[in-house]
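Colleague: Thanks for agreeing to go through this one with me. Shall we start with the residue that I marked?

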Amino acid sequence: MNKPVVLVAEELSEAGLAVLGADFEVRQTDGSDRSQLLPALADVDALIVRSATQVDAEAIAHAPKLRVVARAGVGLDNVDVEAATKAGVMVVNAPTSNITSAAEHTVALILASARNVAQGHSALKGGEWKRSKYTGVELDEKVVGILGLGKIGQLVAQRLQPFGVELIAYDPYLQPARAAQMGVKLASLEEVLQQADFITVHLPKSKETVGLIGDRELHMVKPSVRLINVARGGIIDENALYSALKEGRVAGAGIDVFAKEPCTDSPLFEFDQVVVTPHLGASTHEAQEKAGTQVARSVKLALAGEFVPDAVNVQGGAVAEEVKPGLPLTEKLGRIFTALAGEVATKLDVEVRGEIAAQDVRVLELAALKGVFTDVVEDAVTYVNAPLLAKDRGTVVELVTSGESPDWRNVVTVRGLLADGRTVSVSGTLSGPRQVTKIVEVNGFAMEIEPTDHLAFFTYTDRPGIVGIVGRVLGEHGVNIASMQVARGEKGGKALIALTVDSAIPSDVIDQIVHEVGADSGRTVDLED
């Protein structure tokens, strides 16, 4: 069996390559050279890049087998996420790989700006001893304004607290109580600009944040303020900052990122009080290694068809620990549903009941869809393309949640409306301390059966002798029954036999059972990978 092909288009840490191991065929190319990149994409399953490789619609079109693009870093400016999503390609990055490095570099630039470290260093190496010229300021009792209290902003806050600063922050998506727990007071953008002695930026780059700190905002600040940007270039308007420095409305700046990179010539370079670095926020050995190992693990998960927490184009985001065990259960329910229905539903409900419904369970909808379409299409079904497959086939999908679950602590149901008006449903739960997977309902019939690789379901009119017929026919064809349950609504009414067997049941044997029993239906489910 051919191994999945992983194309590494830029340098990846040895630790990252080691994570991939012998399970994959790893190839390498120069992703910055389109003449090398595009032909190399022809038969790859995964592509790993950093920042120099442009993964645009053209590149994705050259990779018909591509299932995942992994960016060994935080930003995704060089990946066309929309084009990847349309193609059913998962996009992942390493969102936490550089957070410590970026936070530490922020503190380094704050201190360098406050104490004129770079300027004093340069003067002294140039043969000049200028103690008085480079007198700095202390951080003690100063106000530090943090724009964005995400992971990096929080780490910066933690690292600055021992300096005796007062921390205020602008973050419209954070609750004041959560900020207070971190020792930070939330404020409006205007309040941060007006009060802070140091302002450090930790916001994502978007249409809303580009130019957020412009000429208007730089007329609000103290003339003693120092601005630090280790986030993304363009959030601070460089032209506006130049004017503010020129007019003495800003005392200094520490800039690691620029609107256009690489940047080797900027008007900001003329100011002695501006400390600049060439986008070094993530440039530590530790951050590079973390990025490599994180994306390599994500690639392994993606190519195995598993949920990837760091996927940026998969609805649901990070998965709570309480929800993770429900992923394989719900995927199995989806596969059983398809086998029972024998067709694609026009309307599909994924119903989650019980304590788990208090969590973000959107990923269970994806798991159900992945299961529903796994045995329908030839191509691999992923958490990315499953919703697209549903849309293409006209299936309307709805996630239903409720904290009420009278019979089970938690239960997931996949219920679908078919074109002829019939409804098919299957429910499952995780039972006991070992979280054993159990099917607890099929088409309204209550049961309790552990799904194995091979199952069968027969619906018929309740009467004596049916169990014997089923056992006899299977025995005649060498199919061993592992377990059997009979469920019925009322005596003499409709009944359901659910079987787990040791081997797949041939279709002609199913037909024979249906004929001899006079069953309404007979369906097999093969969950064996």
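Colleague: Is Q435 buried, exposed or partly exposed?
Modeller: Buried means under 20% relative accessible area and exposed over 50%, with partly exposed in between (1.4 Å probe, protein chains only). The relative accessible area of Q435 is 39%, so Q435 is partly exposed.

Colleague: What kind of model is this, and which atoms do the side-chain values use?
Modeller: This is a predicted model, where local features need pLDDT of at least 70 and side-chain atom pairs count only at pLDDT 80 or more, while totals for chains, interfaces and linings use all residues. Residues are numbered from 1 along each chain as its sequence is written, and side-chain values leave out hydrogens and water and use heavy atoms.

Colleague: Good to know. Where is Q435 found?
Modeller: Helices (H or I, at least four residues) and strands (E, at least two) are DSSP runs, numbered from the N terminus. Q435 has a positive phi of about 55° although it is not a glycine. Its place is the loop between β16 (423-431) and β17 (436-442).

Colleague: Let's compare notes on N116. Is N116 buried or exposed?
Modeller: N116 is not a glycine, yet it has a positive phi of about 55°. This residue is found in the loop between α5 (99-115) and α6 (117-125). With a relative accessible area of 12%, N116 is buried.

Colleague: And which peptide bond is cis?
Modeller: As background, most residues other than glycine have a negative phi, and most peptide bonds are trans. P262 is found in the loop between β11 and β12. Omega is near 0° in the cis bond, which runs from E261 to P262.

Colleague: On to the rings. How many aromatic pairs are there?
Modeller: Rings of Phe, Tyr and Trp (its six-membered ring) pair if their centres lie within 6.5 Å; planes under 30 degrees apart count as stacked, over 60 as edge-to-face and the rest as tilted. By this rule the number of aromatic pairs is 2.

Colleague: How far apart in sequence are the parts that Y242 and F271 tie together?
Modeller: Their ring centres are 5.2 Å apart and the planes stand at 55°, so this pair is tilted. Y242 is partly exposed at 23% relative accessible area, while F271 is buried at 9%. Since Y242 lies in helix α11 (residues 238-246) and F271 in the loop between β11 (252-255) and β12 (274-276), the parts tied together are separated in sequence by 29 residues.

Colleague: Are F258 and F269 stacked, tilted or edge-to-face?
Modeller: F258 is buried at 6% relative accessible area, and F269 is partly exposed at 34%. Their ring centres lie 6.1 Å apart with the planes at 90°, so the pair is edge-to-face.

Colleague: Which elements do the buried residues of α11 pack against?
Modeller: The buried residues are A240, L241, A244 and L245. Seen down the helix axis they fall within an arc of 135° (taken from the directions from the axis to the C-beta atoms), so they line one face of α11. The face turned away carries the exposed residues N239 and K246. Contact means heavy atoms within 4.5 Å, and the packing partners are α10 (215-218), β11 and β12.

Colleague: Now the open sheet. Which strands stand at its edges?
Modeller: Two strands pair if DSSP finds at least two bridges between them. The 5 strands run in the order β2-β1-β3-β4-β5 with parallel pairing. Those with a single partner strand, so that one side of each is left without a neighbour in the sheet, are β2 (25-28) and β5 (90-92).

Colleague: At what angle does helix α12 run to β4?
Modeller: Axes are lines fitted to C-alpha atoms, for helices over the stretch in contact, and angles run from 0 to 180 degrees between N-to-C directions. Helix α12 (residues 285-303) lies across β1 (5-8), β3 (46-49), β4 and β5. The angle to β4 is about 170°.

Colleague: One last stop: which side chain makes a polar contact with the side chain of T500?
Modeller: T500 is found in strand β21 (residues 494-501) and counts as buried at 2% relative accessibility. A polar contact is a pair of N or O atoms within 3.5 Å; within protein, one must be able to donate a hydrogen and the other to accept it, and residues adjacent in sequence count only if both atoms are side-chain atoms. At 2.6 Å, the partner is the side chain of S483.
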